[in-house]
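Hi,

Here is the structure I promised to pass on. Have a look at it first, and my notes on the charged side chains come after.

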Amino acid sequence: MGEPEAAAEDLEALIDELDYLPGHFHLEMQLNFEPRSPASLHARDLKLQQDGLRQELELAAAPQRPAVRHLLGALAFHLEELDEARERFLEVAHEDPGNLNAWANLAHVSGRLGRDEEEEACAGRLAALMGLAAESGAAGDPQLRAARCLAEQGYAHGLDVGCTSLEERARVLAAGIALYDKALGYGQQIPMEEKRGWYFTMATLFIRLDGIFLELGSEEQKRLPAFNRTLALLRQVLKSPDPHYQALAWCYLGILLERKDTFSTTPMGVHDCGYSGTDPLDCFGKAIEIAKDQPLILNRLAKIFHFLGKQDMAIGTCNMALDILRDPELNWQAYCTRAKIHLRAYLHDLERAKMGLGGMPDRNHLACAKADLEEVVKVCPSLKTYLDIGQVYYYMGVDAVLRSCWRWTRLALNQALVFLAKASESELGATLPELQLLRGKCLRIKG
């Protein structure tokens with residue numbers, strides 16, 4: 001057997017013995033598998049996730065940012081934006097030269113770019129940091145490096161792209177939680193505030209997993225251990241001085257306390273953590289109180305309340321954020337969320353009217369949504385904003401039909417088509433089926 005073959009076998013044997021493997025491109029996430037949707041739709045999903053993560057980076061605490069940047073780099077890689085992917089991983093490596101995932105991911109991207117010397121250098125640096133090289137000499141605690149490596153991988157599982165079923169999504173979330181558990185095993189010396197960030201993300205994954213179990217109609221006993229553990233995790237997060245963690249932890253606690261009624265008896269975790277007499281509404285109120293002068297956190301809370309169907313609470317939170325920061329260029333999220341709430345309220349009333357359960361829907365909701373989105377379109381035009389305002393104008397046309405105002409019907413639908421045309425000019429516009437569907441509806445009503 002030649003030397004290269006023997007060296008390759010030695011390397012494979014060494015990898016098999018490792019308890020963990022740095023990097024994101026070997027993880028069993030749908031992101032790394034062959035996409036099952038058409039290439040254009042898969043690219044759209046990756047782009048939308050990328051946009052969301054860029055916003056997440058603004059809110060992320062310093063210890064969490066490497067995890068966000070790694071996932072941004074992985075998404076860029078799968079979008080064939082290799083130079084951007086390399087830049088993302090280099091950012092992490094420069095800020096933290098001991099970051100294992102940074103060197104593993106850089107080696108992978110460098111190999112794809114044909115930078116053989118850089119790939120070899122990154123692999124050598126990684127081996128030294130892991131103590132696998134003959135002369136490692138790397139400063140710092142290898143246990144801490146391993147812990148952070150695993151936590152960053154766990155974070156990525158929570159934002160996987162391409163899952164096609166609830167069961168698949170549940171498997172990926174459970175895998176992310178398992179990685180965090182392994183990270184905690186390695187990270188006994190991790191600073192407490194950084195560990196609270198891990199607890200927060202774990203609680204987020206557990207809540208999403210419990211939501212899937214509820215949707216699948218899973219048995220109580222399958223949900224109960226994770227439910228109790230999530231309460232304990234949030235209890236630790238509430239000790240954080242970070243208002244972002246505090247506010248969202250109270251919000252999540254309110255969600256769990258509302259879900260306690262889905263069990264036949266109150267879960268013991270509620271009593272053990274001291275929440276027996278805590279009202280979910282008080283939790284939501286504390287979250288808002290903590291975030292009252294933080295527009296970015298208020299925006300996050302508003303989106304959660306909107307998702308939970310608490311529309312009055314959501315719109316009040318948006319109004320608070322806009323009272324602090326009215327500039328649509330800096331606080332476009334509040335305008336967009338408030339517009340969604342108004343549109344949803346109109347659609348709810350429209351459905352009731354169709355079923356004969358109410359009168360004509362209040363078109364003031366559409367006027368408010370239009371006003372908010374017009375503020376955003378002036379300063380932050382984007383595919384999503386064009387699509388959202390196009391949808392609002394479409395329903396203004398529908399409302400005009402219901403009221404037999406044919407002139408306003410044509411005006412509203414023409415304006416909707418203008419915005420949808422602008423949306424279709426963007427890179428992803430042609431891949432959005434909802435855009436084509438909405439355009440077809442406008443044309444059908446116009447006749």
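Below is what turned up, salt bridges first and then a surface patch.

A word on the basis: this is a predicted model, where local features need pLDDT of at least 70, side-chain atom pairs count only at pLDDT 80 or more, and totals for chains, interfaces and linings use all residues. Residues are numbered from 1 along each chain as its sequence is written, and side-chain values use heavy atoms, with hydrogens and water left out.

The structure holds 29 salt bridges (a side-chain nitrogen of Lys or Arg within 4 Å of a carboxyl oxygen of Asp or Glu). One of them pairs Arg223 with Asp210, at 2.7 Å from N to O. This pair links helix α10 (residues 220-237), home of Arg223, to helix α9 (residues 192-216), which holds Asp210; helices here are DSSP runs of H or I with at least four residues, numbered from the N terminus. Arg223 is buried at 3% relative accessible area, and Asp210 is buried too, at 6% (buried means under 20%, exposed over 50%, partly exposed in between, with a 1.4 Å probe and protein chains only).

Arg338 and Asp372 also form a salt bridge, at 2.8 Å from N to O. Arg338 sits in helix α16 (residues 332-354) and Asp372 in helix α17 (residues 364-379), 34 residues apart. Both Arg338 and Asp372 are buried.

On the surface, Asp116, Glu117, Glu119 and Glu120 gather in a patch of negative charge (residues with over 30% relative accessible area and no salt bridge, like charges joined within 9 Å). Glu117 belongs to helix α6 (residues 116-129) and is exposed, at 71% relative accessibility.

Cheers

Conventions:
Patch = residues over 30% accessible without salt bridge, like charges linked within 9 Å, V, L, I, M, F, W, Y side chains within 5 Å. Areas by Shrake-Rupley, 256 points an atom, 1.4 Å probe, with all protein chains shown as cover. Lys, Arg positive; Asp, Glu negative; His and termini not counted. Charge placed at Lys NZ, Arg CZ, Asp CG, Glu CD. Helix = DSSP H or I, 4+ residues; strand = E, 2+ residues; numbered from the N terminus.
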